[in-house]
Structures are given as structure tokens and as C-alpha cells.
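User: Please take a close look at a single part of this structure, beginning with how its helices meet. A connected account, with each term explained as it arises, would be appreciated.

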Amino acid sequence: MHERDPLAAEIAALGWRVHSARRLDNLGARFFSAGAMIAVIDVRQAEPEGLKAIAELSRTATESGIAILALADSSQSAEIIRQCYDAGATHYLDFADAGANLEQSINYAYRYVENFRGGAERASHEQSLMTFADLQWSMTVGPTREYWISDSLLAAAGDIDFERYPVTGVYRSLSQEERSRARGALGRLRDGARQAAVPHRFNGRSVIHHLHEADGVISGRIEYLANNGEVEDWTGRDLLSGLRNTTSARSWIKRQLEDGNQLTLVAIGIKNFRMINAAFGRNAGDQLLRIVGHKLMDQTHREYAGAQLVARLAGQNFLIALANFQTGKISEFVNDLISNIFDDLQLEGRPINPVVRAGVAIGDGDSSEKTLIRKAVLALAEATAADALPINFSTMSEADVHLEEELENQLPGAMSRGEIVIVFQPQIKVATGELVGAEALARWEHPEYGLLGASTLFAVAERAGLMDSLSSQIHRQALTLAASWPESIGFLRLSLNVTAGDLAAKTFVDDMLEEIAAAGFEPGQLTLEITESELIGNLSASADKLHQLRAAGICIAIDDFGTGYSSLSYLKELPVDYLKIDSGLTGDISGSPKDQVVVRSIIDMAHSLDLSVIAEGIETESQLDILAEQGCEFFQGFLRSGALSPDEFEAFALRSN
């Protein structure tokens, strides 16, 4: 930090890393090479120079997402505020106002930067987020190498001689073990990886050295590890985020429980992370996880002063542990955490719509750390499966936790042994009672626990990392069974559910068409059912894939309509044939005028868009009569039949038609 004047010292005292400049010469280049995010320009004593400085930086302010805070005094010049605005300032502080507060003005300017960048890495000593994006270097790959090293890295390098050893100067400062890690990371880049990370020490501090290769240029960025409690070795760190990993978190939680503390665990996950990865790319997805991890630690530190831990679990999930937190304030804490971190989040300058869920578990000395973590993770899984439930509190017993763990271990074998079976839910035409098709549903025929439903099966598969393979297996089985229906019922339609992972896969369309062809099923008789939340993650990519499937004759249905985003505008952009009204909306239509109005509105809206409507969960004749009055075309539910085994469905179909 270069404290050249009292203002720089005052700002530095607030916890910011400050670079001070008195000259206009090459101001833009010096500002951006310092990796700064906020320009504080004092125009009180030198108005012409200050306005020129604002104008110089404002030329690229929009593209780079920086804030320009002008310090002015309207009592000295009545026009100065307008002049600062005209020059390009994004914020101002008028010292003619008795309530002028420099600290809050800088905080507001940073909020502007943070929103613009979707969580720019923050250099804040107070929050212990020691991440400096300005410690950077790059070099071209080839016979003639060109090097660039940021001013901040040169200043922070200590005894490293960059003039003699450009870039490799850092490598020469590493221990033998650290050099081995660096060679391995560079080897991964040579083998085609786009990025890698090397943990080492730099100036006596633990850092992660991020490496990235693109277009013949290797770039490096040194990131000081977030000081989330002391972790002595690298095995306790998640190298992507710098947070604790699961092993380290488990040890911390165990010690807290042994010390007699009550622990509140909050597992937080991004439900539609696969869609975000598909839309922005893997590198951007990794950056999002880093941003979210740092924000989680920052916000947790702000909200709670007691013993705490923030860790990254597998994939897109994080864990927060709080010792002796007030039970009655947990919901408020988690809601504030989610809204402050994920609302208006942007990535690469584009808004994203993360669907965030949380699971909460509370334990004391009678709990084991392993069981308590699993309770939080299982509560998160339940929240993820329920579109309308962002936060779920665990009510599971230890026996329930052990059962879930047992099922996860058994699922791979169950898939290979043929224990995953298909059942068919008949779909009926409202006006005539005619059977028109069936929805294929999966069940687990467990040898000990009997027939387990789809919600249990898919929740177990998600935790076991088997969703993709399970979904493919279900599609193949259902298509093969439907292709073997007798000729007299061969006209029936088949509906298949598509998961978020299916839709996010780049090869989804080709894979689906290959599965249809391999089974010998007619594409024109197939409907794919997709929930709203899985579509919204990346609307344009989803629309493109669905248009390709429609071109092959396949119909598209939006499942559980009315329980997710329920945005109407996107229906115009998607090639949709059916809306399926969730059973939660149809269940009370025979007795609730409000529910009747909601269902009628959905049906009228669908018809105005030339879409047909399928109602789920119909169990009474009065429900069916209301649907008929409102013009609903199709229904399914226990009024006619529950889900049937393949043999039972064939017999039902032959009797019906």
C-alpha cells in the first residue's frame, strides 16, 4: 500500500488496499494495472485536474465495471456535482453535507462494483477475504516468448528477481514439493486442460496460484487463501475456493461437539448449476463457485460473531457451521444469507438466475459429526426436490440417516441387477374417457424395503452422483417397453420425464434420438416432460434443443406448471405442446373457488397459445366435471387408475380401447 497523502491513509484505515496517485500521466493504465475496483477522486482542491481524471477513467468504466467516486464540496462550487456527473463519475460525496460519510460512500460504490461483476473478488482485510486479483502475470507460448507482470506482483515479490527470471522467478522461490505441484499443473495445461491450480507459499502466506491457458497465452493469478480458521496443511483446503474441504470441516465439527457446543449446520446448494455451467462454460462455473464461497464467508462473518466455519462440499454445495447459534433466528439468518448473496448475481457481466436451496440440521454432543453433516445434506436434497421449499429443516432420526446411506451404497448394484422398474400412469381424454397414452415412471423394487417411489429413487441417485446414468437407463427401459406394446394399442403416446442434467448435456438431442431409434419407438408418439425450473436455467439453449426434438416429431410438455417460475413470456419462445397442471393445484378445485380460478386461468392461457392441458392428481368425479367445464383436454390420476406395471397397463389398455 502506498500512503502518499492523508486521504489514502484515511481510506486504508477503513480496511481497503490503497494505491495513491497525484499525476494524470498514464492514469488509466496505472489504475487498471493495480487491479483497482474503485477510483476515489478528490476534486475539492484541484477541480480541473480532478474532472480530467474522472473523464480519463470513465472512458472504460462501463466495460470494466469500476466505480468512480468523486469527493466534492458544493459550497465552494455550486456546479461541481453536475460537472462530476458530466465527466463520468458514478458516485459522489458532497462534503457540504454535514452528514457526509466517506466509509459508507465507498461501501455503496463497492456494492455497485459487486453487482456489476456478480461478486468481484474483494480485497477486504476486515472480512479476511485476502484475494488480490492484481497479483497477475502472463506469457505467450512459442519460440518467442513475451512476458507481462503486473506492478502489484512486482511490488509484492520481495527478493524474486523478475528481470533475470521473468515469471519463473516465482517457481524458483518454491520448495521442492511445491515445484512438483507446479510441474503437474503445467502438465495438465499441456494435455489440454484450460485451467489448473497450484497451492504454495508466497511471501510467507498460503496462496493458490491459478493457471489458465487460452489462445497460446498462459496466465497466472495469485490468490491468498481466505483465512477461514487455521488449516495447517493443504489437505484441509478446497483448491478451487480456498475454503475448508469436507475432511477439514468434519474435524472442526467433531471438536466443537466434543467441547459440548450445540452446532447449527446449513448446507446450501445451487439447484440449477448444471444449466449455468452449460450456458457459461466450465471455467465460468468454477469462477461462480469461488465468488459464492467467498461471499458466503463474508456474509456469515458479518451476521454472526461466534465460532463458525464455511466449507465447500462436493460439486455446487457449501456448508456453514455455527456454534451455539440462537435456534429461533436460523430461518432469518439463512434467508438473509441467500438474498444477500444470490439476488442479482451476475457472471461475466450477464445476469444469472441461481435456484438456491438450503438444508438445516441442529445437533449437540449426542450427535456424531458424520451423521450431523448427512442430516444437513439430506435436508438440502429434500429442499432441492421441492420447488416451493427453499429451506428445509431436518427431522430425520439417526436410523433414517443410516438407511439413506445404505440406499446410496446399494443403488449402483440395484441398477445392474434390474431392480429399477418402469410403471405406467394412464392418461385419459377428459371429454370421452378414452385412453390416449401413459407417463413412464420409475420405481425401485428393493428386495428388503419393497417398492420405493420416484422421489426416494431420484434423491438417492442425486446424492450418489448417478442421476445421468439412471435417467438414461429409465429412458431406454421405457422406450423398449412401449415399443413392444401390442399392435392394437400401438397408437398410444408415451411421456418421459427429462431431468435438468439431461437437458444440460450438450449431446442430449443426439442421445435421445439414438435411444428412440435403438428401441424402435415412433418419435411422433413421444412426449418429453420438462419442469419449469429446468427450462429457465438457460432459456435460449433449452429452446434450441427442444426445437431440434420437435423437428423430429417429438412433443414437449412443461410439467408441474404453476409450481415453479410460472413466467408466461417464455412460453412464446419455446416449442411447447402441453402444459401439465400439478396435483397441488387440482387437488382442491372441487371445493375451493380460488383454486378453480387459478386452474381456469392456466387453461385459458394455454388455449390462447394453442397448447393442450393435462391435469394431474384427479381422484374424484367432481374434479373431473370442473375440468371438463373449463376445457381441460386430458387428465391422469387415481379416478381411473394409479401407476401400473407393464403387464397391468397392457391389460388396462386393451380393456379401455
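Analyst: Contact here means heavy atoms within 4.5 Å. The model is predicted: local features need pLDDT of at least 70, side-chain atom pairs count only at pLDDT 80 or more, and totals for chains, interfaces and linings use all residues. Residues are numbered from 1 along each chain as its sequence is written, and side-chain values use heavy atoms, with hydrogens and water left out.

Helix α16 covers residues 454–464 and helix α17 residues 467–483; helices (H or I, at least four residues) and strands (E, at least two) are DSSP runs, numbered from the N terminus. On the α16 side, Leu457, Phe458, Ala461 and Glu462 meet Met467, Leu470 and Ile474 of α17. The two helices pack at an angle of about 140°, and their axes are 8 Å apart. Axes are lines fitted to C-alpha atoms, for helices over the stretch in contact, and angles run from 0 to 180 degrees between N-to-C directions.

The principal part examined here is an open sheet of five strands, ordered β12-β13-β11-β16-β17, with mixed pairing. Two strands pair if DSSP finds at least two bridges between them. At the edges stand β12 (308–312) and β17 (391–393), each of which pairs on one side only. On average, neighbouring strands of this sheet are turned by 15° against each other, direction ignored.

At one end of that order, β12 and strand β13 (residues 317–323) pair in the antiparallel sense over five bridges. Within this pairing, Arg312 stands opposite Phe318 in β13, and Gln308 stands opposite Leu322 in β13. These two strands form a hairpin with four residues between them, where Gly315 takes a positive phi near 60°.

On the other side, β13 pairs with β11, again in the antiparallel sense, over seven bridges. Here Leu265 has Ala321 of β13 as its bridge partner. Strand β13 is largely enclosed by the rest of the structure, because six of its seven residues are buried (under 20% relative accessible area, with exposed over 50% and partly exposed in between; 1.4 Å probe, protein chains only).

Two helices belong to the picture of this sheet. Helix α13 (residues 330–342) packs on the sheet, where α13 touches β11 (263–270), β13, β16 (356–363) and β17, and its direction makes about 150° with that of β16. Helix α14 (residues 369–385) lies across β11, β13, β16 and β17 and also runs at about 150° to β16.

A further helix, α11 (residues 273–280), contains Ile276. Ile276 counts as buried because its relative accessibility is 2%. Although 76 residues separate Ile276 from Ile352 in sequence, their C-alpha atoms are 7.6 Å apart in space.

Elsewhere, strand β24 (residues 578–581) offers a contrast in pairing. Three bridges join β24 to strand β23 (residues 555–561), and the two run parallel; in this pair, Ala557 has Tyr578 of β24 as its bridge partner. Strand β24 is also joined to strand β25 (residues 612–615) by four bridges, again running parallel, with Tyr578 opposite Ser612 in β25. From β24, Tyr578 and Lys580 point one way while Leu579 and Ile581 point the other way, and all are buried. In a regular strand, side chains alternate between the two faces of the sheet. Cys555 is likewise counted as buried, at 15% relative accessibility, and Cys632 is buried with a relative accessible area of 5%.
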